[in-house]
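The following exercises are to be solved with the sequence and the model at hand. Each task is followed by a worked solution.

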Amino acid sequence: CEAGHLTDEQVTLLLSGACRRHGKEAGRPAAPAGGTNAPAGAPPAVIHRALDDVVAFQMPNQSNRIALVFDPISITNLNATFGVEVFGPGHITPQHQHEEGHELFFILSGSGVAECNGHRFEVGRGDVVVFPPKSVHGIDNLPDAEPLYCLELMLPNDMFSEFVRSGQPVGMLNAQDICTLINFGCGQLEQGSAHPQAQHEL
């Protein structure tokens, strides 16, 4: 497993563009689910979707939600799944593994504890964690903590989208979710929370 840290300034640069676009494009029509209606032989169209267009799913007896932004079921020929995962306070992820997929988490807000092949380590805003195929892993949120928000990428999909969609649809991301996700880069960063630059292999 690999983990690294981004500074608050780097998080700001990464997400400020998304924040500006959201503010300028409020009220726009939703993009088609597949993102493409190009004539035969035309170059592939750009895939575009807004956070308030995606649906979240929740597994039974779990306190996390996964909002699928792009996945092979909604986008033809896409062999990856990308979404937003929200871990509720006290959430415990059952230890699991993926046969082929690398699972990447970019922590946007909150803090928790990750585990990979028996090694536990703290994660927080600005951290990037990559769990390689066949590693036994999970991320937990702490009791009495704020929700833990992550961008999540599974590459290749490795049946991950199908697993997520087998859960219960719980609607769109709510107003608090959207606020938390796009306020980074808009001058809302907390002071003194940057991690030191670091990268290590576990």
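## Exercise 1: The cavity and its lining

The space in the largest cavity of this predicted model amounts to about 30 Å³, and the structure holds 1 cavity of 30 Å³ or more.

**Task.** Determine which residues line the largest cavity and which strand supplies the largest share of the lining.

**Solution.**
1. List the lining: Ile 66, Leu 68, Thr 81, Phe 82, Gly 83, Glu 152, Met 154 and Phe 160.
2. Sort these residues by character: 5 are nonpolar, 2 polar and 1 charged. Gly counts as polar in this division.
3. Assign the lining to strands: at least two residues come from each of S3 (64–70), S4 and S10.
4. Identify the main contributor: S4 provides 3 residues, the largest share.

## Exercise 2: The surroundings of strand S10

**Task.** Establish how many residues of S10 are buried, and how many bridges join S10 to S4 and to S5.

**Solution.**
1. Locate the strand: S10 spans residues 148–155.
2. Apply the burial cut-off, under 20% relative accessible area. By this criterion, 6 of the 8 residues in S10 are buried, and the strand is mostly covered.
3. Examine the pairing with S4 (residues 81–87): the two strands run antiparallel and are joined by 7 bridges. Among the residue pairs, Phe 87 has Leu 148 of S10 as its bridge partner.
4. Examine the pairing with S5 (residues 102–109): here too the sense is antiparallel, over 7 bridges. One of the residue pairs links Phe 105 with Glu 152 of S10.
5. Return to the cavity: Glu 152 is also one of the residues lining the largest cavity.

Conventions: Residues numbered from 1 in each chain as written. Predicted model: local features only at pLDDT ≥ 70, side-chain atom pairs only at ≥ 80, totals over all residues. Heavy atoms only, no water. Buried < 20%, exposed > 50% of the residue type's maximum accessible area, 1.4 Å probe, protein only. Helix = DSSP H or I, 4+ residues; strand = E, 2+ residues; numbered from the N terminus. Pairing = 2+ DSSP bridges. 1 Å grid on protein atoms, 1.4 Å probe; cavity = no way out; pocket = protein on both sides within 12 Å on 5 of 7 lines; lining within 4 Å. Points joined across faces, edges and corners; volume = space filled by probe spheres on them.
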